[in-house]
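Hi,

Here is the structure I promised to pass on to you. Have a look at it first, and then read on for what turned up in it.

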Amino acid sequence: MGQSLMKKFATSVAFAAALGAATAVVPASAETLRMAWSQDATGLDPHKQTAFSSLRLLELVYEPLVRLNADLEIIPALAESWEFSEDGKTLTFKLDADAKFQNGEKVTPADVKASFERVLDEATGAAARANFTSIESIDTPDETTVVFNLSQPDVPMLTAMTGINAAVVPASEIEAGTIGTKAIGSGPFKLDSWEPNQKEVLSANPDWAGGEVKVDGIDISVLPDETAILAALRTKQVDFALINDPLVATLVPNEASLELSRTPVLAYHVLQLNPSREPMTEQAVRQAISCAIDRQDVLDTALLGEGAVTGPLTMPAYRSDPGALFCYERDVEKAKQLMADAGYEDGFSATVIAATGEPPTAAAEAQVIQSQLAEIGIKLDIKMMELNVYVDTWLKGDFDMAVALNGGRADPYSMYNRYWTKDGNLQHVANYIDDTLDSLMQEGRVETDFDKRKEIFAKFETHLAEVSPWIWLYTGYTYTAQQKNVKGFVPSPTGTLFGLTEVSVGE
Amino acid sequence: MTSLLSVSNLRVGFGRKPEDNEIVHGVSFDLAAGETLAIVGESGSGKSVTALSINRLVDFGGGRILDGSIQFNRENGTMLDLAAAGEQELTKIRGGEIGMIFQEPMTSLNPVLTIGEQIEESFRLHRGLTGRQAREAAKDALDRVRIPDAARRLKYCPHQLSGGMLQRVMIATALSCNPRLLIADEPTTALDVTVQAQIMALLAELKRETGMGMIFITHDIGLVAGIADKVMVMQNGEAVEQGPLDAVLDAPQHPYTKHLLSAVPHFEAGRATRTDYRRADAPSAAPALKVEGLTVRFPVTGGLLRRQTGAVHAVDGVDFDLMPGETLGIVGESGSGKSTTARAILGLVEPTRGTFSANTNGAARQSGKPVQMVFQNPYASLNPRLRVDSILAEPVIAAGGGLKGETHARMRMLLDRVGLPENALQRYPHEFSGGQRQRLCIARALMLNPSVVVLDEAVSALDVSVQAKVLELLVDLQREFGLAYLFVSHDMAVVERIAHRIAVVYAGQIVEIGDAASVLSDPKHAYTKRLISAVPSVDRRKETFEVDTRQVPSLVRPLGFEPEPANWQSFGPDHMARAEA
Amino acid sequence: MQLLRAIFSHSSGRIGGAIVGLYIIIAILGLLGITPHDPLMQFRVDRLHAPDATYWMGTDLFGRDVASRLMLGISQSFIVAFASVALAAVAGIVLGLAAAWFGGWWDGTIMRFMDVLLAFPAILLALLIIAIVGPGTWTSVMAIAIVYTPIFTRVVRGPALSLKTRDFVDAARTFGSSRNYILTRHLMLNLVAPLTVQVTLALAWGLLTEAGLSFLGLGTQPPASSLGLMLADSRNLMEMAPWLLIFPGIAIMIGILGFNLLGDALRDILDPRTRRSAA
Amino acid sequence: MNYLARRLMTFPLVMLGVSVLVFVSIRLVPGDAITAMLGTEAGLLTPDQRAALEAYFGIDQGWFTQYWRWLAGAVQGDLGVSVTFGKPVLDVILERFPLTLELALLSMVIALAIGLPAGIFAATRNEKPSDLAVRIFAMIGQSTPNFVFALLAIYVLSVGFGVLPAMGEFTPFLENPLRNLGQMILPALTLGFAFAAAVTRISRSAMLDILSDDYIRTARAKGVPARKVIWRHALPNALIPVVTLSGVEFGYLLGGAVIVEQIFALPGLGRMVLDAILQRDYALVQGSVLFIALNFMIVNLLVDLAYAMLDPRIRLGGK
């Protein structure tokens, strides 16, 4: 007996030792940031990738001409300065003479030209091309100057140029056809290795013209299950992590050694109606839905209150008090009245689609909405779909309603022209043609004066909320969790991780 | 002579409450050294339990000795009560001082160990031999049981040897440590009759050599005549009679012993054949069944592409005919092709060639299925999930008839004729005993009023006393319905009771055919002679058999092989034998 | 009736039978809507409410009563498990019998096709089916059924092959019984016992598979509830509201335990081998 | 051996079936590599852009042409290039396979190390309290969904004890065995728990069956001591069903344990195929499903070989 007890003891010690060893063998390097996220990049071509999970990696490696700061102001990146011509039809950039690619070559106007031509070439298949169709030609008059000649004034294009989809890549790599297989940018980090859905190893780029990076590098692990990320943070296996699910994020502050930072983002949660389908063709029905939904309640339930109710415009500079918008205060009586007006006092049945896990709260949102709409007699059927199936269905406009988390832009025009202009690329998804919206969009596009633009888009927002083709709900947060010794991270509403350049790991 | 074993008032029970489930009710007997006691009884008589109690293997089957003592005279001269001995002591005695062999040699040897390993084990355990010594000893043990080429066979695994060989291996293992007592539990029941004779001969010889005591358990009272000194007859857990061999066989006291000796078929070398029909005397009529040149071959394939490389000549050119009211007994040992012949006639195997025609004379024989069959195992030939009425109705339904009143009437009539109550119709097969089930099978076979019934080992699976009753029933039915029987059996005693004519089958061919009395009393073919001489009989006391290790020849022939045409010699009006090469 | 009596005189059969019986009652109550609260009703003011007298097992993220959802979930899980196992059993019987009876080319083709299904990773097969058809109760039923069909086919084919050579089938052939008669009365009837055991054990696996699919978001769709979905939904709330994990977790374990115990008991009762040793 | 050779001959047929099934089904799923890469932004593509991307992903031709091209490559060992990894499919698979193999092996070792002795122990103490305890343990093991076990284990270890096997960056065994085992132990336990339960149950019932066989009685009649009866005479026979079960289970595990790999962030085959499906990496899905199927069949073949080793009736042929 005594002997077997000893044996048991010995094995349990060995087991604990094995576990302990696993955590202790690699000491926390003060210089390398150990990071985790649940969704990995899907590819390395900065012009082609549109998934947020890819962009936030590529932003560390590639640079656009200009970028947005945390206040969404346009600041220099590869370009030191820029200006529109009087007529708004030429845009001139001065490049940073120190900028170098990670292969040692200088960043030249020829690289910029080649990069934009690559985006514009239909054979590339860059979705971002739609933002740059006003470009007629690109001139490179000297070693540091690039001139874009536009077919029409296009103010939002400058904002579009802050995206990594407008990154400048080496012309030689384009030539060699290696964009997307090798990541050679001019950004703060070099991508040393990438194993999809497993890990990335980044090292600081000493030649980065933008300044000095405080860490030696970043090791990114892909931990698909966010509770596992939390566990890894707790056991100090990870210094810094990205968290998607508000349910997990809210647990972080419970841990004394961890800090959570959250920043409102531009992306908005929305219930998309399909106004081409009966009875959503009726404006009264759509408005009834808008009135029947208690946005704050959806937010409180599905996201545990982690977010803010919003109208269509989510960027701080354009955001207005949502309380002033149509039916943002829940009004079931009015909703019922509207239903009756449209001849649907007995309600109707419809199907709402949502993607599994994207966002993680989609199923919960659908269920709360379902329960709220039931009160005015609308019987919703929830159909959860695998993300790609959802995307495919969504792109075909093949739904009654859709729960969506749509990306936001710093510029309202770039954000919405695809849906609410008559020739918008995704007009067939929005399925709603409205002359007022279209003309307001066109006005906003060419207007260069900020105050006037704001006024135009305020009108646009009020109208959009009133005609209710979609029911805007709220914006959430982007969450990062970190050990207390990680300092200096500045989050941004775009969700970019560019702030990692300022991060240092203390003892 | 000192007693080797003295069992008194042995009571054994089974289960959680063994007192309530007593199987052996106070059995007592004595055995002297060198003596052989035969325990005779039918299934359920408690004979095996009694035997297993002696070396206490009964403990592992859930049994418990409730009362009584088993005094065993050990090698060192001390007496030990085995009924009260501890497991450790018993482990030494088992195999070392008491050896045991069992009924099924095929399943009684461990399939994954070689013969050598299994024999050596005894030497290792009880003699402390190791390695080379143990191997040598094992080889000697095999030599002792007359297994040719012993050194090579040691490396064989059980499935590579025949049943007879395996039983020799069992004997070699059991006798390896020269036990003072050997318990043989139906050691030959699963074997062919010629093999049985060899094993019996071997046991007798070994007993003489070693002077060990033996307890021989069997259901076949004929078998004990050749080997036992004393006989104990058991019925329902009690020893109803015991005494010296001759006394019990010649002057049985207990009615059950008398019944076993008189009512049960014993082989009488042609003296007990039926006399109600003689082909020579019968009016010549069309045969009920005529078989000509029946040949059944199974392809043997080899290689990756399963190309046919040869054929098993299971049945090779069999001819016979069968008259209405006549019984033809087909006898032979396992693998001789007798069952295949029967199955081919019923269309269960596709004959390679040959013709057979069945005569459907008689008004009521409407079905077009004039030949019906009764199978060996009454437990397997009735669908356990169907009620008796469904079972009996099946042939009628198959023949396209409905469940009309007349069908029910016939069911009731036949049940009555085979001696089953009418309420049997609403019951399931498991509610009947083996004999009753075989009666059901017979009734089913008669539902369509056939002209020929093929009985494939139809009574072999039954207890001896039940056999006799079923045979009687068959004879009665034959007379009543004018049936022709094709009676396939390995059991000469049974065939003697029912057959008018006998065909002896060997290696797929008929070697001798003719009038039953004539064939059995005066066999002409060498194989028939061998077969008949091997059949045990109460009349053959203390007879020694010749130890014979011949094996049945392989029936696998190369492609295209054809046997030579038979050359028949006639020995009387209705008796022919195949000329031997 | 006889079977029920046998189950209740078997020690683990009694427990297993009682559990399964209780669950079936709960499932029926859940289906009929006889629950403490409306399982779909969102008492949103009482979100993530710990268990108390009103909410015996607490409430979930939406303020729905966990006890009521558990009842609904049990019925849903049982429907999925029963329906998929039934489908797989029927398909397995048809294919297994066909393979065993016709042999040769049929056997080869059917069994090779089953090999294909078996060799295909099960969860991925289910995933693809669900992605093609779209998720939902009946899709998961179909997906689980397809995954199980080869298993049932094998379970049927083996015994059917041996039954085919049994004397009573030979006897039937000598009478000239029709193929259908032999297949239905001689083979099928005798397959009932091994199939009953297999079905019971497969039901346990069905519950587990449903849970696994729901964990990947492919099973039962909200707002309906199933044990697997409840477990899956609880994972990020495990720390905030442990009752969301504990109650469905215990429920699924006991449910599976019940089927396993019952299956073992049925095997003991129906398997002639053990019956022999018991006799 | 002939039998094994014949089994080998069915491999190509089954593989062909698997390849057709996976090829067709993955294409029947709505969405393609383009929507997987671009998400809703795919709606911004012009027709020419779309055509260019289709050509890039190799999905611009008819199914039949695609399949034929793929098959022609596959028979020569070229399974195509993964669009997510930008590497030949076979390379990607072979990088992930060692982990899956190790995980499967570890789980099996755990299962056999626990299950076999437990099952034998229970069988020899049939219906006694210790037998009951083992059976209850086995029942619980078989009744716990593995994700519940995994999540609880992570929670208890990380919150209760503050330790956790390193997750994320996976260390191959050959690089650092101790660290590797530290990472693998929890996932292997998770998978091994239910597996052990199954082994316990089957070895117990096999042992019980065999202990009532004739040759065990023979062994006892020879005076073989109880322990030896179990280990030498009964166990080799009882192993046959255990080998079947372990083989089947092992075969499944070689297909990747999707959920466990997902939770423990292990870069194994299962998660890889799942991701490949989600990202519509057709070549990778096809190649890996084929690879998994081949493994499954090889394992089954090995099980048959193991039978032959255990059972001379199969090894030496016979009746």
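The buried residues of helix α12 of chain A are A:Asn388, A:Val389, A:Tyr390, A:Val391, A:Asp392, A:Thr393, A:Trp394 and A:Leu395. That makes 8 of the 9 residues of this helix, which spans residues 387-395, so α12(A) is largely enclosed by the rest of the structure. Just after α12(A) comes A:Gly397, with a positive phi of about 65°. Please keep in mind that all of this comes from a predicted model.

Next, the way the chains meet. There are 5 pairs of chains that touch, and the pair with the most contacts is A and D. Chain D brings 51 residues to that contact and chain A brings 53 residues. On the chain D side, six stretches of helix each supply at least two residues: α2 (33-38), α3 (47-57), α7 (146-161), α8 (177-211), α11 (258-263) and α12 (269-278). Which of these helices gives the largest share of the side of chain D that touches chain A? It is α8(D), with 6 residues. Sorted by class, this side of chain D holds 28 nonpolar, 16 polar and 7 charged residues.

Chain D also touches chain B, and here 25 residues of chain D meet 26 residues of chain B. The helices of chain D that each supply at least two residues to this side are α1 (2-28), α9 (214-221), α10 (226-254) and α14 (312-315). The most comes from α9(D), which gives 7 residues. By class, the side of chain D that touches chain B has 10 nonpolar, 6 polar and 9 charged residues. Chains A and B, on the other hand, do not touch, and their nearest C-alpha atoms are 24 Å apart.

Two of the helices just named are worth a second look as a pair. Two packed helices are described by the angle between their axes and the distance between the axes. For α9(D) and α10(D), the angle is about 140° and the axes lie 10 Å apart. How are these two helices oriented to each other, given that an angle counts as roughly antiparallel over 145 degrees and as roughly perpendicular from 65 to 115? The angle falls in neither range, and α9(D) and α10(D) are therefore oblique to each other. The crossing of α9(D) past α10(D) is right-handed. On the α9(D) side the contact is made by D:Tyr215, D:Ile216, D:Ala219 and D:Arg220, and on the α10(D) side by D:Val229, D:His233 and D:Ala234. These residues divide into 5 nonpolar, 1 polar and 1 charged.

As for chain D as a whole, you will find 14 helices and 2 strands in it. Its C-alpha trace spans about 85 × 60 × 35 Å along the principal axes. Of its 319 residues, 55% count as buried. Among contacts in chain D between residues at least 6 apart in sequence, 72% join residues at least 24 apart.

Chain C has 11 helices and 0 strands. The C-alpha atoms of chain C fill a box of roughly 75 × 45 × 30 Å, taken along the principal axes. Chain C has 279 residues, and 59% of them count as buried. If you take its contacts between residues at least 6 apart in sequence, 67% join residues at least 24 apart.

Finally, chain B has a sheet to look at. What is the order of the strands in this open sheet? Its 6 strands run β6-β7-β8-β3-β9-β10, and the pairing is mixed. At the edges are β6 (98-101) and β10 (238-244) of chain B, each of which pairs on one side only. From one strand to the next the twist averages 15°. Within the sheet, β3 (residues 36-40) and β9 (residues 230-235) of chain B pair in the parallel sense over 4 bridges. One residue to find there is B:Val40, whose bridge partner in β9(B) is B:Val233.

Helices pack against these strands too. Helix α11 (residues 255-262) of chain B touches β9 and β10 of chain B, and its direction makes about 105° with that of β9(B). Helix α7 (residues 163-175) of chain B lies across β6 and β7 (181-185) of chain B, running at about 170° to β6(B).

Enjoy exploring it!

Methods:
Residues numbered from 1 in each chain as written. Chains lettered and ligands numbered in written order. Predicted model: local features only at pLDDT ≥ 70, side-chain atom pairs only at ≥ 80, totals over all residues. Contact = placed C-beta atoms within 7 Å. Nonpolar A, V, L, I, M, F, W, Y, C, P; charged D, E, K, R; others polar. Pairing = 2+ DSSP bridges. Axes fitted to C-alpha atoms, helices over the stretch in contact; angles between N-to-C directions. Parallel < 35°, antiparallel > 145°, perpendicular 65-115°, else oblique. Left-handed = near helix turned anticlockwise from the far one by under 90°. Buried ≥ 20, exposed ≤ 12 C-beta atoms within 10 Å, placed from the backbone.
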